[in-house]
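Let's take a walk through a protein chain together, starting with the overall plan and then stopping at a few places along the way. Have the picture ready and follow along.

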Amino acid sequence: MIKRKEQFKEATDLTVSHEIRIRFNETDPLGIVWHGNYITYFEDGREAFGRQHGLTYLDIAKTGYTTPIVKSTCEHKLSLRYGDVVTIETTVVDTPAAKMIYRFKIIDDKGEVACTGETTQVFLDKEGNLMLTNPPFYEQWKRKVGLLK
């Protein structure tokens with residue numbers, strides 16, 4: 001039996017890497033990154049992805065849609081500390097469903113994976129109605145980047 005998640009494929013050609021330095025205010029008293037900040041790092045990666053591929057929140061808002069996050073997962077593998085320079089790799093997942101799925105890897109300066117995660121965003125129209133099909137702007141974007149023929 002095929003698991004539902006296996007039907008979706010990472011579009012690895014669309015992976016964007018974004019480097020950040022861990023700031024003091026993102027750590028606990030021991031100098032270790034507080035766990036809640038990893039979701040913020042995912043957002044940094046998603047924003048970098050959007051800037052590179054023309055899919056920022058502002059680009060989406062201009063079309064009359066919003067894309068709230070409805071699910072996020074985060075798996076911690078290694079601790080990050082104040083001053084570390086890390087790379088956030090963000091990849092979009094190609095799915096036919098009316099949603100955007102992003103997968104994230106946070107890699108430390110030794111090349112080791114410190115954290116992985118995923119977010120799922122849905123489309124709402126101007127009235128706040130959930131879209132059950134991909135909005136036209138997203139279909140156009142998918143064609144532009146080669147996800148749709």
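Reading along the sequence, you meet the pattern β-β-α-α-β-β-β-β-α. The chain has a radius of gyration of 16 Å, close to the 15 Å that the globule rule gives for 149 residues, so it is as compact as a globular protein of that length. (The radius is taken over C-alpha atoms, and the rule is 2.2 Å times the number of residues to the power 0.38.) In total, the secondary structure comes to three helices and six strands. Here, helices (H or I, at least four residues) and strands (E, at least two) are DSSP runs, numbered from the N terminus.

A word on what you are looking at: this is a predicted model, in which local features need pLDDT of at least 70 and side-chain atom pairs count only at pLDDT 80 or more, while totals for chains, interfaces and linings use all residues. Residues are numbered from 1 along each chain as its sequence is written, and side-chain values use heavy atoms, leaving out hydrogens and water.

Now for the chain as a whole. Along its principal axes, the C-alpha trace spans about 45 × 40 × 25 Å. Buried residues make up 42% of the 149 residues, where buried means under 20% relative accessible area, exposed means over 50%, and partly exposed lies in between (1.4 Å probe, protein chains only). Contacts, meaning heavy atoms within 4.5 Å, often link distant parts of the sequence: among those between residues at least 6 apart, 67% join residues at least 24 apart.

Next, find helix α1, residues 37-53. Its 17 residues reach 24 Å from the first C-alpha to the last, close to the 24 Å expected at 1.5 Å a residue. (That expected span is 1.5 Å times one less than the number of residues.) Which residues of α1 are buried? Among them are Tyr38, Tyr41, Phe42, Gly45, Ala48 and Phe49. It helps to know that an α-helix has 3.6 residues a turn, so residues three or four places apart point the same way. Just after α1, Gly54 takes a positive phi of about 70°.

Move on to helix α2, residues 57-62, where you will find Tyr57. Tyr57 counts as partly exposed, at 28% relative accessibility. Leaving aside neighbours within four places in sequence, Tyr57 is in contact with Glu43, Arg46, Glu47, Thr67 and Gln121. The C-alpha atoms of Tyr57 and Glu47 are separated by 7.9 Å, and the two residues are ten apart along the chain.

The loop between β3 (69-76) and β4 (85-94) holds Ser79. Not counting residues up to four places away in sequence, Ser79 touches Ile32 and Tyr38. From Ser79 to Asp108 there are 29 residues in sequence and 9.3 Å in space, C-alpha to C-alpha.

Strand β6, residues 113-122, brings us to Thr120. Is Thr120 buried or exposed? Thr120 is buried, because its relative accessible area is 9%. Beyond residues up to four places away in sequence, Thr120 touches Pro68, Ile69, Val70, Lys71, Lys99, Met100 and Ile101.

Our last stop is Leu130, in the loop between β6 and α3 (136-144). Leu130 has a relative accessible area of 48%, so it is partly exposed. Setting aside residues up to four places away in sequence, Leu130 touches Val122, Phe123 and Leu124. Leu130 and His35 are 95 residues apart along the chain, and their C-alpha atoms are separated by 30 Å.

Methods: The expected span of a helix is 1.5 Å times one less than its number of residues.
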